[in-house]
Structure formats: C-alpha cells, structure tokens
Amino acid sequence: LEQVAELVPYYEKQSSWQWRLGKTPSFDLELDPRFPWGGVQLLLTAKNSMVAEVSVYSDALDPELPEDIRTRLTGCRFSSKDMAEALMASEKETLKDIARFILEQNL
C-alpha cells in the first residue's frame, strides 16, 4: 500500500492533459464544412495544444462571422469540446452549427 501511495504523484502528473497533450509540436488543420447558410473554411494553427492562430473564409452573408470565430477560438485548447464550448457561448445559430461540426470531428 505504501508503494502505491508513492506512485500517486507520478500517475497524476502523467495522466494530466498538460503532460499528455500540452507539449505537442505546432501543427495546422483545415476544416471546410458547408451549411445551408453558406460555407466556412477554418485554418487553425495549434501550438502546445492551444489554438494560436485562426484564419476564416466564408461565403455566408454575415460579415462579422469570420471575426466572431477568430475571437472565440484563438487561445482555446485544441480539442473539439473546448472549441465547441467557445462557439456555443454565442447566441448566433451559425456559430452553434460550426460548434456541432467541430464536436463531430473528435479533435
């Protein structure tokens, strides 16, 4: 029992998100979903498993949509759950549609 207690701090450290994913190398991801209201191209750059940069292109009729997405996703953890939560916090249905799409990707 004493040996198990000695291992607990190591287990907690190595099972944490920061240990497993927080030090991943930089990478880019392109998502290109199409919705009834228009298409969106998301270009995401992740560093240390955080969304560092977001470029958004869209043919939707909402001129604020790209900036809304950029503002909400920049600085989020690079996970479907965290990015979707950031978008779902908006009252705009377009952002909620994008959030549901991101959840389906299991990032």
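Two aromatic rings, taken from Phe, Tyr or Trp (its six-membered ring), make a pair if their centres lie within 6.5 Å; planes under 30 degrees apart count as stacked, over 60 as edge-to-face, and the rest as tilted. Keep that in mind, since F35, W37 and F101 form one aromatic cluster. Before we look at it, note that this is a predicted model, where local features need pLDDT of at least 70 and side-chain atom pairs count only at pLDDT 80 or more, while totals for chains, interfaces and linings use all residues. Residues are numbered from 1 along each chain as its sequence is written, and side-chain values use heavy atoms, with hydrogens and water left out.

Let's begin with the rings. The structure holds three aromatic pairs. In one of them, the ring centres of F35 and W37 sit 4.8 Å apart with planes at 10 degrees, so this pair is stacked. F35 also meets F101, with centres 6.4 Å apart and planes at 85 degrees, so that pair is edge-to-face. F35 belongs to strand β2 and F101 to helix α5, so the pair ties together parts 66 residues apart in sequence. (Helices here are DSSP runs of H or I with at least four residues, strands are runs of E with at least two, and both are numbered from the N terminus.) How hidden are these rings? F35 and F101 are both buried, F35 at 13% relative accessibility, whereas W37 is partly exposed at 24%. Buried means under 20% relative accessible area, exposed means over 50%, and partly exposed is in between, using a 1.4 Å probe and protein chains only.

From the rings, move on to the core. A nonpolar core is a set of buried Ala, Val, Leu, Ile, Met, Phe, Trp, Tyr and Cys residues joined through side-chain atoms within 4.5 Å. The largest one here has 24 residues, and those with the most contacts inside it are V40, L42, L44, I69, M83, I98 and I102. Which elements give two or more residues to this core? They are β3, β4, α3, α4 and α5. The largest share, five residues, comes from α5.

I69 is a good place to stop and look around. Leaving aside its neighbours within four places in sequence, I69 is in contact (heavy atoms within 4.5 Å) with V40, L42, V54, V56, L87, L95 and I98. I69 is one of the buried residues of α3, along with L65, P66 and L73. Looking down the axis of α3, you'd find these residues within an arc of 100 degrees, so they line one face of the helix; the arc is that of the directions from the helix axis to the C-beta atoms. They pack against β3 (38-47), β4, α4 and α5. Just after α3, G75 takes a positive phi of about 95 degrees.

Next comes S80, in helix α4 (residues 80-88). Is S80 buried or exposed? It is buried, with a relative accessible area of 4%. Its side chain has polar company, too: a polar atom there lies 2.8 Å from the backbone oxygen of I102, and one lies 2.6 Å from the backbone nitrogen of L107. Setting aside neighbours within four places in sequence, S80 is in contact with I102, L103, Q105, N106 and L107.

Finally, the charged side chains. A salt bridge is a side-chain nitrogen of Lys or Arg within 4 Å of a carboxyl oxygen of Asp or Glu, and the structure holds eight of them. One joins R34 and D59, at 3.0 Å from N to O. R34 is in strand β2 (residues 34-35) and D59 in the loop between β4 (50-58) and α3 (65-73), so this bridge ties together parts that are 25 residues apart in sequence. R34 counts as exposed at 60% relative accessibility, while D59 is partly exposed at 46%.

K92 takes part in a larger arrangement: D62, E64, D68 and K92 are linked in a network of salt bridges. D62 and K92 form a salt bridge with their closest N and O atoms 2.9 Å apart. This pair links distant parts of the chain, 30 residues apart, with D62 in the loop between β4 and α3 and K92 in the loop between α4 and α5 (93-104). K92 also bridges to D68, at 2.4 Å from N to O. Since D68 lies in helix α3, that pair ties K92's loop to a part 24 residues away in sequence. K92 is partly exposed, with a relative accessible area of 23%.

Methods. Polar contact = N/O pair within 3.5 Å; in protein donor to acceptor, adjacent residues only side chain to side chain.
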